[in-house]
Amino acid sequence: MWRETAQSEVGDVALSLGTGLAAALVLLIVVVILGDVVYNGAPHMTLTFLTQAPRDGMTAGGIFPAIFGTVALVV
């Protein structure tokens, strides 16, 4: 009886550790991606870019419709 309980506890610890490591890895990847976007994108971020609609076949202009659509879907 004790052996089954000990094995169950070891399994629980291993599962918790594995889940925690997987979650930490995912969070690390998200932080790296967001950091890269902010580091490389911040110099190009202007109020005009955020508030205008795209133009010239979506190769120029802003991203307001995309932001609005995302917010509308979330709401």
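How many helices and strands are in the protein? Here are a few points to help you find your way around.

1. Let's start with the answer: the protein has three helices and two strands. If you follow the sequence from its beginning, these elements come in the pattern α-α-β-β-α.

2. Please keep in mind that this is a predicted model. Its mean pLDDT is 90, with 93% of the residues at 70 or more. Confidence is highest in helix α3 (residues 64-74), at a mean of 94, and lowest in strand β2 (residues 60-61), where the mean is 86.

3. Next, the overall form. The radius of gyration is 23 Å, whereas a compact globule of 75 residues would have one near 11 Å. Along the principal axes, the C-alpha atoms fill a box of roughly 70 × 30 × 20 Å.

4. Now for burial and surface. Just 1% of the 75 residues count as buried. The protein exposes about 6,600 Å², and 74% of that area is supplied by carbon and sulfur atoms.

5. One spot on the surface is worth a visit. Leu25, Leu28, Ile29, Val32, Ile33 and Val37 together make a nonpolar surface patch of about 570 Å².

6. Finally, take a closer look at one member of that patch, Val37. You will find Val37 in helix α1, which covers residues 2-41. Is Val37 buried or exposed? Val37 counts as exposed because its relative accessible area is 52%, and the cut-off for exposed is over 50%. That value also fits its place in the patch, because patch residues need over 30% relative accessible area.

Note on methods: Residues are numbered from 1 along each chain as its sequence is written. This is a predicted model: local features need pLDDT of at least 70, side-chain atom pairs count only at pLDDT 80 or more; totals for chains, interfaces and linings use all residues. Side-chain values use heavy atoms; hydrogens and water are left out. Patches are made of residues with over 30% relative accessible area and no salt bridge: like charges are joined within 9 Å, nonpolar side chains (Val, Leu, Ile, Met, Phe, Trp, Tyr) within 5 Å. Accessible areas come from the Shrake-Rupley method with a 1.4 Å probe; for residues, only the protein chains shown count as cover. A salt bridge is a side-chain nitrogen of Lys or Arg within 4 Å of a carboxyl oxygen of Asp or Glu. Helices (H or I, at least four residues) and strands (E, at least two) are DSSP runs, numbered from the N terminus. Buried means under 20% relative accessible area, exposed over 50%, partly exposed in between (1.4 Å probe, protein chains only). The radius of gyration is taken over C-alpha atoms; the globule rule is 2.2 Å times the number of residues to the power 0.38. pLDDT is the predictor's confidence in each residue, from 0 to 100.
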